[in-house]
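Student: I have a model open on my screen and would like to learn how its structural labels are earned. Could we go through them one at a time?

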Amino acid sequence: MYAPDAAPSGAHQWINQTEFENMLRSAYADRPAPIPAAEVDSAEQRRPPLRHLMAAGMAAFVIAFAGVASAASLPPETFADLAAKVTPAVVNISSTHHQKASPDTEMPDFPKGSPFEQFFHNFRGHGQGGQDVTALGSGFIIDPTGYVVTNNHVVEEASDIVVTLNDGKDYPAKLIGTDKKTDIALLKIDAGKPLPSVAFGNSDTARVGDWVLAVGNPFGLGGTVTTGIISARSRDIHAGPFDDFLQIDASINRGNSGGPTFNLAGEVIGINSAIYSPNGGSVGIGFAIPANEAKPVLAALREHGKVNRGWIGVQIQPVTPEIANSLGLSDVAGTLVTAVQANGPAAKAKMEQGDVILSFNGQDVAETRELPRIVAATPAGKPVDVVVWREGERKTLRVTVAAMKDQEQVASSEDTSPDSQPEATANHVLGVQLSALTPDLRQQLGLADDVNGVVVMDVTEDGPAAKQGLRQGDIIEQVARSKVSDPSEVDKAVQQALSAKKSAVLLLVNRQGDEVFLAIKVGKA
């Protein structure tokens, strides 16, 4: 057996056959014969043949390697027993949706009487009233009485839902409840008998590199089993406010949505929900909702038909290294409060815009996306301690969590750059052109009367402000936590930051009615 020219660091070093024979000859050259000389006929028999020594040596190597292998978790010889154990509880789900008709598209002209003319005439007619379409997905039974888990997007707005068991029998399903924010739905079927079911495991103990088995209904092919490993944890794919996906490389495709991901013990540790694909098929990047996130959601759906979540009434954004530096934070941690809703729980607790939330109810907030999950899991009416960073020191606020209202905030992406260009003042440190907020600009930008600040008229390409996302049409309301209404006040605040040897200056920016903090680099750290 021959090795590559250079083995990687830490890898087993392989030697070729000649080197191995020489090593064995050297090792056994001066050793006594393994058996008494009186019991053999010649000196040649007193020394074990080289082929025997090599066989013994190879055996020792095999034993050594087997010892190393047994210490690690090797893949099973087959997944057949596991598949046989769990697949009876995995189901196919078909849901009927009414698709509205789209406006007729322009059709090519064909000769009168042509068969193509008749075909496209019929095609136009089919779309006028809309049509019913069937969506296919997967699910799994979690209770012998017939409770079935799937994705919300598989059954959302469906007029009819049918569950097909592993034995091919169909049952109409009742929708018990859905949760759009986590993409989880709970169904119920009545089979008139106990059904095979599976249980959830502890997804928190699942590690990157652990084996997993996925079962589902890809492209309508029910009972399809694939295997792989957990590729990563805590993936945020911007599917919802509570993203914390397991990433798996077991092949999942369209139709696998709502199906289970199992560990080797046959426990569900994830609900398959999405894939990343440039071509519509599996490329080994799939995402599953962790079991520990799904369990309380399903319990709430089963009991109440909906999920009640905690809410404190703040808008937040990530803390960047520049923002941390400008606020005097030693670590990049927590989440920055950009707005506090009037009369909300946070406002009543005296939380302020510009506070950095470092911990909530005893749980550290390492990054922005952690806070919504922590708050949502907190029961309404519970008072909790919230540690914030304000003006260079920690403060503890007592916040009483309220119930989240079922409403969504709609963000606009329309262009807000001013139509006319009044005289602007250059700020070369930030790389912007600024103007006072005149009545004309207020009208052009559609700003409310209570919005005050300095208008960004232009942003220098590749300048400090541009690199941090400042845009034309933004309103700078504060610089270094001080309100500004004129470009000269911006200049003054920036110069003060430079004099204080700050590496960044913090701006509060109003963008289309939403406020956001930006930290602009102004000097060397």
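Student: Which residue of β13 stands opposite I248?

Tutor: That would be G286. Before we go on, residues are numbered from 1 along each chain as its sequence is written, and side-chain values use heavy atoms, with hydrogens and water left out. This is a predicted model, in which local features need pLDDT of at least 70 and side-chain atom pairs count only at pLDDT 80 or more, while totals for chains, interfaces and linings use all residues.

Student: What makes β10 and β13 a pair?

Tutor: Strands pair if DSSP finds at least two bridges between them. β10 and β13 run antiparallel and are joined by three bridges, so the condition is met. The strands themselves are DSSP runs of E with at least two residues, helices are runs of H or I with at least four, and both are numbered from the N terminus. β10 covers residues 245-248. It also pairs with strand β9 (residues 224-235), again antiparallel and over three bridges, with I230 opposite I248.

Student: Which way do the residues of β10 point, and are they buried or exposed?

Tutor: F245 and Q247 point one way, L246 and I248 point the other way, and all are buried. The label buried means under 20% relative accessible area, exposed means over 50%, and partly exposed is in between (1.4 Å probe, protein chains only). In a regular strand, side chains alternate between the two faces of the sheet.

Student: What do six strands close into, and in what order?

Tutor: They form a barrel, running β8-β9-β10-β13-β12-β11 with antiparallel pairing. From one strand to the next the twist averages 45°. Strand β8 (residues 211-216) meets β11 (residues 260-262) through two bridges, so this pair also reaches the required number. There, A214 stands opposite T261. Helix α7 (residues 291-304) packs on the sheet, touching β12 (268-275) and β13 (286-290), and its direction makes about 50° with that of β13. Such angles run from 0 to 180 degrees between N-to-C directions, using lines fitted to C-alpha atoms, for helices over the stretch in contact.

Student: How do you know that T335 is buried?

Tutor: Its relative accessible area is 0%, so T335 is called buried. T335 lies in strand β16 (residues 335-340). Among the residues it touches beyond four places in sequence are I316, V319, V356 and L371, a contact being heavy atoms within 4.5 Å.

Student: What makes E156 and K180 a salt bridge?

Tutor: The rule asks for a side-chain nitrogen of Lys or Arg within 4 Å of a carboxyl oxygen of Asp or Glu. The closest N and O atoms of E156 and K180 are 3.4 Å apart, so the pair qualifies. The partners are 24 residues apart, E156 in the loop between α6 (152-155) and β4 (160-164) and K180 in the loop between β6 (174-179) and β7 (184-188). E156, at 28% relative accessibility, counts as partly exposed, whereas K180 is exposed at 55%.

Student: How do you know that R309 and D179 form a salt bridge?

Tutor: Their closest N and O atoms are 2.5 Å apart, so they too satisfy the rule. R309 sits in the loop between α7 and β14 (310-311), D179 in strand β6, and 130 residues separate them. R309 is buried at 9%, and D179 is buried at 6%. By this rule the count comes to ten salt bridges.

Student: Why is R369 called buried and E367 partly exposed?

Tutor: R369 has 18% relative accessibility, so it counts as buried, while E367 at 36% counts as partly exposed. Their side chains meet in a salt bridge of 3.6 Å, N to O. Elsewhere, E352, D355 and R390 are joined into one network by salt bridges that share partners.

Student: How many residues has the largest nonpolar core?

Tutor: It has 25 residues, and those with the most contacts inside it are I184, F262 and L298. A nonpolar core is a set of buried Ala, Val, Leu, Ile, Met, Phe, Trp, Tyr and Cys residues joined through side-chain atoms within 4.5 Å. Elements that each supply at least two residues of this core include β7, β8 and α7. α7 gives the largest share, five residues. Another core lies apart from it, with 21 residues, among them V456, V490, L507 and V509.
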